[in-house]
Amino acid sequence: MKMTKIVPLAMTALLVGSTAVANTTFATNDVPSEQEQVQPIFIKVAGTIESVEKRGNVSYYSIKEGENINTLAVTADTLVFDNTGKKVELKKGDKVIAHTFANKPMILIYPPQYSPEVVIVETEEMGTASVGTFDSNLLDANLSLKLNVSEEMELSSLSGKEVKVSDLAEKNLLVFYTVTTRSIPAQTSPHKVVVLDQKDNDQENETSPVIEEIIAKDFYEVNGTKMVPLRQLAEELGYKVESTGKGAILSKGAKTYTITRGEKSYGYNKALRYFEVAPALLEPEKTYVPVQFIQELIN
């Protein structure tokens with residue numbers, strides 16, 4: 001087993017550099033100057049699906065666009081549509097655009113990994129999907145698209161809450177439409193709108209800078225996999241950690257994980273899942289696990 005301790009500063013610089021390539025969808029009512037820095041509402045990444053790996057209830061899609069590679073962690077809660085607004089399933093070879101809330105907890109790994117709210121599959125069928133923030137007049141933040149809504153269009157929300165036309169103002173929206181006017185701004189009558197309201201559990205973890213600091217300062221690399229301290233990170237995320245002598249039991253709400261050192265399989269409630277590299281005692285009384293598992297705990 002190859003095991004090396006990595007210099008945190010150098011690795012952090014590499015990881016930060018690798019994530020800088022992601023495009024962003026901005027939500028602001030002002031047109032920023034070149035000097036202004038605008039906090040994005042969504043992170044937008046695009047590419048073609050090159051591979052798929054399923055682990056438990058999460059499917060990991062590796063997407064590539066040019067030299068840029070990203071990973072999408074997709075669950076049953078992720079909205080997946082084609083550009084016409086039809087629900088579809090992701091598959092290898094699909095050209096996709098993913099939108100993730102920028103304030104969502106993330107870990108710094110390479111390739112960058114996102115847990116998107118929305119994934120759009122681009123097809124040759126006529127239709128456009130647009131994500132943006134719309135003001136009280138249903139004009140988007142880029143001042144380029146105005147919505148003319150009606151009671152007949154299909155309405156839904158990310159959280160599952162019931163929404164009405166009157167609820168669309170000053171909201172982040174996923175809009176599906178086919179044609180627009182040639183005016184400035186362009187106007188359209190969408191046939192489907194989804195309100196991208198954040199679920200409560202997206203706000204639970206406000207300590208992602210602490211998580212990132214722990215990972216940056218304390219990790220090993222084992223057979224190409226980044227290994228991080230289990231107890232410290234799990235407790236920071238609000239999990240109760242009980243030692244079993246050979247590993248640990250993590251519990252939080254309805255979620256329970258049973259982890260054993262030296263074994264790739266681990267228990268999640270009554271299901272069985274698998275690590276890429278088995279947990280190991282890399283320092284006295286400190287169990288380390290693959291960093292991808294921390295993202296699972298966050299989600």
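Here are some friendly notes on a predicted model, taking its strands, its salt bridges and its cavities in turn.

1. **Strand S3 and its partners.** A good place to start is strand S3, which covers residues 42-55 and pairs with strand S7, residues 95-101, in the antiparallel sense over 7 bridges. To find this pairing on screen, look for valine 45, whose bridge partner in S7 is alanine 98. S3 is also joined by 7 bridges to strand S4 (residues 58-65), and these two strands run antiparallel. Here the pair to look for is serine 51 with its bridge partner in S4, serine 62. While you are tracing these strands, keep one general point in mind: in a regular strand, side chains alternate between the two faces of the sheet.

2. **A hairpin made by S16 and S17.** Next, go to strand S16 (residues 220-222), which pairs with S17 in the antiparallel sense over 3 bridges. Valine 222 stands opposite threonine 225 of S17. The two strands form a hairpin with 2 residues between them. In that turn, asparagine 223 has a positive phi of about 50 degrees.

3. **The other partner of S17.** Strand S17 is also joined by 3 bridges to strand S24, residues 286-290, and the two run antiparallel. Within this pairing, methionine 227 stands opposite proline 290 of S24. Is S17 buried or exposed? Of its 5 residues (225-229), 5 are buried, so the strand is largely enclosed by the rest of the structure. For this step, buried means under 20% relative accessible area.

4. **A salt bridge within helix H2.** How many salt bridges does the structure hold? There are 8 salt bridges. One of them brings together the side chains of lysine 217 and glutamate 213, at 2.9 Å from N to O. These residues are 4 apart in helix H2 (residues 208-217), which means they are separated by about one helical turn. Lysine 217 is exposed, with a relative accessible area of 56%, while glutamate 213 is partly exposed at 41%.

5. **A linked set of charges.** Lysine 286 and glutamate 283 meet through their side chains in a salt bridge of 3.7 Å, N to O. Both ends count as partly exposed: lysine 286 has 27% relative accessibility, and glutamate 283 has a relative accessible area of 23%. Which residues make up the network here? Asp218, Glu283 and Lys286 are linked by salt bridges. Lysine 286 also lies within the residue range of S24, 286-290, the strand from point 3.

6. **One more salt bridge.** The side chains of lysine 164 and aspartate 167 meet at 3.7 Å, N to O. Aspartate 167 is partly exposed, and its relative accessible area is 25%.

7. **The cavities.** Rolling a probe the size of a water molecule over the atoms shows where empty space is left. A search of the whole structure gives 2 cavities of 30 Å³ or more, and the largest cavity has a volume of about 80 Å³. Its lining includes Arg55, Tyr60, Tyr266 and Pro290. You met proline 290 above, opposite methionine 227. Which element gives the largest share of this lining? Helix H4 (residues 291-298) does, with 3 residues. By type, the lining of the largest cavity divides into 6 nonpolar, 1 polar and 3 charged residues. Glu276 and Glu296 are also among the lining residues, if you would like two more to click on.

How values were computed
Residues are numbered from 1 along each chain as its sequence is written. This is a predicted model: local features need pLDDT of at least 70, side-chain atom pairs count only at pLDDT 80 or more; totals for chains, interfaces and linings use all residues. Side-chain values use heavy atoms; hydrogens and water are left out. On a 1 Å grid over the protein atoms alone, a cavity is a set of points where a 1.4 Å probe fits but cannot get out, and a pocket is an open set with protein on both sides within 12 Å along at least five of seven lines; lining residues have an atom within 4 Å of a point. Grid points are joined across faces, edges and corners, and a volume is the space filled by probe spheres set on the points. Ala, Val, Leu, Ile, Met, Phe, Trp, Tyr, Cys and Pro count as nonpolar, Asp, Glu, Lys and Arg as charged, and the others, Gly among them, as polar. Buried means under 20% relative accessible area, exposed over 50%, partly exposed in between (1.4 Å probe, protein chains only). Two strands pair if DSSP finds at least two bridges between them. A salt bridge is a side-chain nitrogen of Lys or Arg within 4 Å of a carboxyl oxygen of Asp or Glu.
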